[in-house]
Amino acid sequence: MYSKRAFTLIELLVVIAIIAILAAILFPVFAQAKEAAKKISCLSNLKQNGTAVAMYTTDYDGVYPQSAYSLDQIQGIIVPGTGARVFAMYDAIMPYTKNIDIYKCPSDPEAIKWKQILASIGLQNAGAAGGNITIASLAPNFALFEDPGVPPNLFGADPTISEGQLEFPVDTVMFYDSHYVGAGVLNPDAPAGSPYRTPAGPFDRTNFPGFARHSEVLNANFTDTHAKSLKRNAVIPGTAPDPYYSGASAVQVYNLPYDLNGIPSLIAEPRA
């Protein structure tokens, strides 16, 4: 007769230790692969978003949509606290995508709780074809999607932007990975002295900084419709005047990862 030989306790412990070591080595690799897939999906959304914006500008004489205006106030002026419906750039582009997921990133689909943010200042989102835009992950370049309906600078004092004004479309940001930072909340990505460091109010460009959520990589698209992954310390070429803040005649337009507002050769920071 032959007896079956069982594993000893030591042998079992050795096997368990080997499995634990392999798991420790492989799990981070799996996590990185999963995040890489999310980054690619996000980049695809940005590419489709860029194409949709191009279709919009073709239909509207080359003019980019406003960042926001009211459907219930005279001349579309945004008046917080009125409960007015806000029609935003998300809604303007929506008919060309018919897919609310275009505005989301799989790594953080609720980075910008759009409906909740509007409600916090006494407004509501107007919605658009295909459903209401309640959450998003991508923020707009507020210098490109201007806000002539938002006080204190109205209409001609803060006009919309047209394609003809863009000298460097390949280097002009449209949408980018972002997350909402509330008033008075510290943004550690922004240096001391920057308006992005601690947003003063609940709703302007400083509340929507760039955010490198893909393993220190940030996705963005540009006005020539291409989309690109950028390291958090990448340099996007381009300088422009900064009359509203530093008063300098030429400063770096984009400062990654936190600042992706501005238009090379035209304006470094949009008017507050």
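This is a short talk about one predicted model of a single chain, going from confidence and layout to the sheet, the pocket, the cavity and the salt bridges.

Okay, hi everyone. Let me start with confidence, since this is a predicted model. The mean pLDDT of the chain is 90, and 92% of the residues reach 70 or more. If you break that down by element, strand 5, residues 173–177, has the highest mean at 98, and helix 1, residues 9–59, has the lowest at 83. The usual caution goes with that: where pLDDT is low, don't read the predicted coordinates in detail.

Now the layout. We have 272 residues, and 42% of them count as buried. The C-alpha trace spans about 100 × 40 × 35 Å along its principal axes. In secondary structure, that's three helices and nine strands. Reading from the N terminus, the elements go α-β-β-α-α-β-β-β-β-β-β-β.

Let's look at one sheet. It's open, it has three strands in the order 1-2-3, and the pairing is mixed. Which strands sit at the edges? Strand 1, at 68–70, and strand 3, at 124–125, each of them pairing on one side only. Strand 2 covers residues 85–88, and two bridges join it to strand 3, with those two running parallel. If you want to click on one of those contacts, Val86 has Asn125 in strand 3 as its bridge partner. And as a reminder, pairing in a sheet goes through backbone hydrogen bonds, parallel or antiparallel.

Next along is helix 2, residues 89–97. Is that helix enclosed or not so much? Seven of its nine residues are buried, so helix 2 is largely enclosed by the rest of the structure. The buried ones are Met89, Tyr90, Asp91, Ala92, Ile93, Met94 and Thr97. Then, just after helix 2, you hit Lys98, which takes a positive phi of about 50°. Worth a look if you're checking backbone torsions.

On to the empty space. The largest pocket has a volume of about 360 Å³. Its lining is made of 19 residues, and the ones nearest the centre are Asp147, Val150, Pro151, Phe203 and Asp204. How does that lining divide by residue class? It's 13 nonpolar, one polar and five charged.

There's also a cavity. With the cut-off at 30 Å³ or more, the count is one, and the largest cavity has a volume of about 30 Å³. Which residues line it? Gly50, Val53, Ala54, Thr57, Tyr64, Glu163, Met174, Thr223 and Thr225. Helix 1 gives the most to that lining, with four residues. By class, the cavity lining comes out as four nonpolar, four polar and one charged. Keep in mind here that helix 1 is also the element with the lowest mean pLDDT.

Last topic, salt bridges. The structure holds six, and I'll walk through three of them.

Asp177 pairs with Arg213, with the closest N and O atoms 3.3 Å apart. That one links distant parts of the chain: Asp177 is in strand 5, and Arg213 is in the loop between strand 5 and strand 6 (217–222), 36 residues apart. Are these two buried or exposed? Both Asp177 and Arg213 are buried.

Then there's Glu269 with Arg205, where the closest N and O atoms are 2.6 Å apart. Here too the pair links distant parts of the chain, with Glu269 in the segment after strand 9 (248–252) and Arg205 in the loop between strand 5 and strand 6, 64 residues apart. Glu269 has a relative accessible area of 8%, so it is buried. Arg205 is at 5%, so it counts as buried as well.

The third one is Glu216 with Arg232, at 3.4 Å, N to O. Glu216 is in the loop between strand 5 and strand 6, and Arg232 is in the loop between strand 7 (227–231) and strand 8 (239–242), 16 residues apart. What about exposure here? Glu216 is at 46% relative accessibility, so it counts as partly exposed, and Arg232, at 25%, also counts as partly exposed. This pair belongs to something wider, too: salt bridges that share partners join Asp189, Glu216 and Arg232 into one network.

That's what I've got. Happy to pull any of it up on screen.

Notes
Residues numbered from 1 in each chain as written. Predicted model: local features only at pLDDT ≥ 70, side-chain atom pairs only at ≥ 80, totals over all residues. Heavy atoms only, no water. Pairing = 2+ DSSP bridges. 1 Å grid on protein atoms, 1.4 Å probe; cavity = no way out; pocket = protein on both sides within 12 Å on 5 of 7 lines; lining within 4 Å. Points joined across faces, edges and corners; volume = space filled by probe spheres on them. Nonpolar A, V, L, I, M, F, W, Y, C, P; charged D, E, K, R; others polar. pLDDT = per-residue confidence, 0-100. Buried < 20%, exposed > 50% of the residue type's maximum accessible area, 1.4 Å probe, protein only. Salt bridge = Lys/Arg side-chain N within 4 Å of Asp/Glu carboxyl O.
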